[in-house]
Amino acid sequence: MTNVPVETLNETQQPVPGAPNNWRRFFSFSTDHKVIGIQYIVTSFFFFLVGGLFAMIMRGELITPEADLIDRTVYNALFTMHGTVMLFLWTFPVLVGLANYLVPLMIGARDMAFPRLNAAAFWMVPVVGILLMSSFLVPGGPSQSGWWAYPPNSIQNPTGNLINGQVLWLLAVALSGVSSIMGAVNFVTTIARMRAPGMTLFRMPAFVWAVLSAQLIQLYGLPALTAGAVMLLFDITVGTSFFNPETGGNPVLYQHFFWFYSHPAVYVIILPVFGIFSEVFPTFARKPLFGYRVVAVSSILITFVSSLVWVHHMFASYTPGWMRILFMVTSMCVAVPTGVKVFAWVATIWGGKLRLDTPMLFALGGLVMFVFSGITGIMLASVPVDIHVNNTYFVVGHFHYVIYGATVLGVYAAIYYWFPKMTGKMYYEGLGKLHFWLTFIGANLNFFPMHPLGLQGMPRRVASYDPEFAFWNVLASLGAFLLGMSTLPFILNMVSSWIQGKPAPANPWRAIGLEWLVASPPPVENFEELPIVTAPPYGYGSNEPLTENLSPSNAAN
Amino acid sequence: MESSLETQTVSVASHAVEHEHDEAGNSKFGFIVFLLSESVVFLSFFGGYIILKTTTADWLPPGVTGLDTQEPLINTIVLVSSSFVIYVAERFLHKENLWGFRAFWLVTMAMGTFFLVGQAREWAGLPFGFTSGVFGGLFYLLTGFHGLHVATGILLQTIMLGRSFLPGNYDKGSFGVEATSLFWHFVDVIWIILFVLIYLWQ
Ligand code: HEM
Ligand SMILES: [Cu+2]
């Protein structure tokens with residue numbers, strides 16, 4: 001097999017024509033990582049709308065103090081399903097979808113290491129969705145115990161049916177765990193063994209580092225959650241006593257299983273978003289990623305440190321004092337590698353020639369909201385504050401700044417950034433900007449009021465509240481409806497530009513990276529000949545044509 | 001500088017091209033990653049066992065004083081020795097001695113089956129069940145989950161044995177054989193920990 005040095009390919013010399021834009025293949029069992037990536041992304045956005053619908057109903061309920069729109073049990077079911085759908089059917093799949101599409105292209109591979117395993121992992125996602133949604137049809141309705149499913153609440157089964165909402169919930173979560181572990185094995189193997197010639201570890205884009213780190217967490221964390229889920233399932237269905245306090249079990253043990261995974265899971269979510277920031281900022285500031293190696297290594301560091309902090313979710317669960325202090329300190333340590341990254345992005349943007357296209361706007365907006373959530377996060381990691389605001393809206397505000405502010409905005413940034421690559425079409429910039437401003441204003445209007453509400457003592461997971469909380473709640477609900485509306489220009493933009501957008505060149509942003517060297521959309525096997533990589537990523541200069549900056553340009557000849 | 005980079009690029013290139021075709025290598029790497037992940041499931045169960053054992057007041061179900069260790073010990077010895085037997089089988093395959101491979105492979109399967117039958121007999125004679133308190137649940141969960149793995153191992157071994165009679169696709173480096181025997185060693189190591197936790201630490 002022969003190899004072409006990457007420098008000899010550029011936008012004007014497209015190596016092979018792109019893949020046909022035949023939409024039918026997205027509904028078929030395909031083993032092409034690019035098709036699977038888009039299948040993940042589109043499926044997850046469907047569930048994003050479902051989860052968003054649940055949120056709208058909740059915020060509709062909360063616009064007045066009384067529980068007048070829906071009753072208490074429906075509210076409980078809605079927040080449980082909202083949280084579960086958003087995490088397991090939107091956030092994880094959409095990021096896996098992006099990674100699936102991008103990682104092989106970015107490391108110069110023709111596909112993932114195990115293409116059929118990849119497809120199988122994807123097709124489990126709709127099954128998870130069907131399992132979860134069918135819980136609306138069983139007696140008693142969906143689980144009402146929140147996405148944590150803490151016993152003893154989750155063990156209770158007033159309907160007495162063997163198939164109930166909680167059981168379906170557990171099966172769905174376990175299945176999604178299996179799918180994610182399959183995915184993680186695939187990603188780790190692909191990144192470890194399928195890199196193109198010359199793609200050393202420190203020549204991998206930061207996004208690939210981030211995906212690798214996140215997938216390592218899936219590998220060591222998810223099995224713990226799965227173990228806990230299996231034990232809970234037995235407690236509910238056959239009456240074992242692992243977590244049931246009435247028969248001698250230990251409910252706090254469940255919390256350990258759950259948070260041992262679910263704390264690091266926030267990094268499964270946020271690390272790829274960090275990776276997206278690290279791709280978008282250099283391109284739109286025309287500068288190399290500041291401190292690239294540090295950014296890369298800090299991803300791995302976060303993986304390790306974050307596995308040592310899970311007890312900070314349990315400060316209020318009879319955790320002994322010494323343990324609280326220990327986990328308070330480790331929790332604050334995670335802020336260090338994270339802070340390093342924020343510093344690196346700011347330094348990247350600083351003094352650059354910024355171009356505020358839609359991807360850049362979303363990345364900047366996401367970064368701003370992430371910094372805000374970081375501050376409230378440190379507050380929550382300190383035991384005295386946490387004991388005070390635990391289970392209030394302050395927590396809800398904090399994590400929505402992370403998962404909406406940083407993650408949703410970051411994913412939007414990625415979708416706009418790589419849309420030309422994936423579809424071969426340009427999106428409409430005007431609609432994109434409108435989408436950004438609706439989202440940014442809506443998100444802050446929705447989630448900022450939750451902080452004062454929490455500090456004033458409004459508990460979370462309630463369908464009604466004291467009238468003194470009305471003002472901030474009305475604001476939050478208006479923000480939520482604005483967010484709901486913001487998805488309309490997005491969907492319109494995506495669908496219409498895919499169908500009739502302007503054809504996109506191979507490298508519309510004049511960005512650096514192997515994925516930009518192939519046609520848009522890339523041909524089936526990605527590269528006609530495997531590229532040879534001879535330089536680190538992010539070789540931007542201040543006023544460059546990009547090919548001159550991949551130096552030394554003659555190394556491989 | 002320039003020239004050293006050049007040679008580096010070239011050598012890395014041939015290396016990676018090799019990888020591109022080395023699907024068995026990928027499978028092996030992936031399988032080991034999977035086993036590492038799988039071991040976390042067991043570690044979680046073990047962690048749960050230790051926490052519950054050290055914090056639960058009524059640990060054993062009423063009327064139960066402890067477990068008999070004699071038969072499980074024999075079982076343990078058989079299972080652990082089967083790890084050596086399967087290793088010998090693999091050596092034979094490497095030396096392209098198919099009948100030697102089949103013979104020792106079959107002995108491994110017999111030893112695994114002996115273990116499973118022994119465990120089933122033990123289960124049948126126990127005075128407590130899955131729902132008899134914390135201990136009962138953990139006992140059956142851990143031994144059952146492990147037994148499931150033994151059964152899976154035997155199933156894989158059966159498939160590999162059958163495949164060895166098919167013409168053509170059986171060479172000495174078969175990934176399937178390698179993976180099956182890795183899995184078998186894994187199941188053995190897990191059992192040793194399990195035996196210590198459940199039977200020796202009563
Ligand atoms: C339009 C956007 C959104 C709105 C209006 C919204 C609103 C809400 C509300 C009102 C709750 C219930 C709070 C409580 O009672 O404790 C909630 C909980 C939650 N939300 Fe959202 N949310 C939105 C987007 C998201 C996204 C994108 C994610 C994740 C990716 C997410 C994850 C969660 C989780 C995990 C919970 C906790 C559920 C539980 O307690 O079991 N939300 N959200
Ligand atoms: Cu946490």
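The lining of the second largest cavity divides into ten nonpolar residues, five polar and no charged. That cavity belongs to a predicted model. A copper ion (ligand 2) is held by three histidines of chain A: A:H263, A:H312 and A:H313. Helix 5 and helix 11 of chain A both carry a bend, of about 35 degrees and about 40 degrees respectively. Chain B has six helices and zero strands.

**Cavities**

- The count comes to five cavities of 30 Å³ or more.
- The second largest cavity has a volume of about 130 Å³. Its lining comprises 15 residues, and the closest to its centre are A:Y40, A:V125, A:S176, A:S179 and A:S180.
- Three helices of chain A each supply at least two lining residues of the second largest cavity: helix 2 (72–107), helix 3 (115–133) and helix 4 (165–193).

**Copper site**

- A:H263 binds the copper ion (ligand 2) through ND1, while A:H312 and A:H313 each use NE2. The distances run from 1.7 to 2.0 Å.
- Along the chain, the donors of the copper ion (ligand 2) are spaced H-x48-H-H.
- A:H263 sits in helix 6 (residues 251–285) of chain A, and A:H312 in the loop between helix 7 (292–306) and helix 8 (321–349), so the pair ties together parts 49 residues apart in sequence.
- A:H263 is buried, with a relative accessible area of 6%. A:H312 also counts as buried, at 15% relative accessibility.

**Helix 5 of chain A**

- Helix 5 covers residues 206–237, which is 32 residues. At 1.5 Å a residue it should span 46 Å, and its end C-alpha atoms are 45 Å apart, which agrees.
- The bend of about 35 degrees lies at A:G221, and the proline A:P223 follows within four residues.
- Of the 32 residues of helix 5, 27 are buried, so the helix is largely enclosed by the rest of the structure.
- Just after helix 5, A:G239 takes a positive phi of about 85 degrees.

**Helix 11 of chain A**

- Helix 11 (residues 393–423) has a kink of about 40 degrees at A:Y417, shortly before the proline A:P420.
- The helix is mostly covered, with 29 of its 31 residues buried.
- A:G424, just after helix 11, has a positive phi of about 75 degrees.

**Backbone geometry in chain A loops**

- The peptide bond from A:P151 to A:P152 is cis, with omega near 5 degrees. A:P152 is in the loop between helix 3 and helix 4.
- A second cis peptide bond runs from A:S520 to A:P521, with omega near -15 degrees. A:P521 is in the loop between helix 14 (470–500) and strand 2 (530–532).
- A:R286 is a residue other than glycine with a positive phi, near 50 degrees. A:R286 lies in the loop between helix 6 and helix 7, and counts as buried at 11% relative accessibility.
- A:N391, also not a glycine, has a positive phi near 60 degrees. A:N391 lies in the loop between helix 10 (383–389) and helix 11, and counts as partly exposed at 33% relative accessibility.

**Chain B**

- From the N terminus on, the elements run α-α-α-α-α-α.
- Buried residues make up 48% of the 202 residues in chain B.
- B:T180 lies in helix 6 (residues 175–200) of chain B. At 2% relative accessibility, B:T180 counts as buried.
- B:T180 and B:I86 are 94 residues apart in sequence, yet their C-alpha atoms are 9.5 Å apart in space.

Technical notes: Residues numbered from 1 in each chain as written. Chains lettered and ligands numbered in written order. Predicted model: local features only at pLDDT ≥ 70, side-chain atom pairs only at ≥ 80, totals over all residues. Heavy atoms only, no water. 1 Å grid on protein atoms, 1.4 Å probe; cavity = no way out; pocket = protein on both sides within 12 Å on 5 of 7 lines; lining within 4 Å. Points joined across faces, edges and corners; volume = space filled by probe spheres on them. Nonpolar A, V, L, I, M, F, W, Y, C, P; charged D, E, K, R; others polar. Expected span 1.5 Å × (residues − 1). Bend = angle between axes of the 7 residues up to and from the residue. Buried < 20%, exposed > 50% of the residue type's maximum accessible area, 1.4 Å probe, protein only. Donors = N, O, S within 2.8 Å, 3.2 Å for Na, K, Ca; no water.
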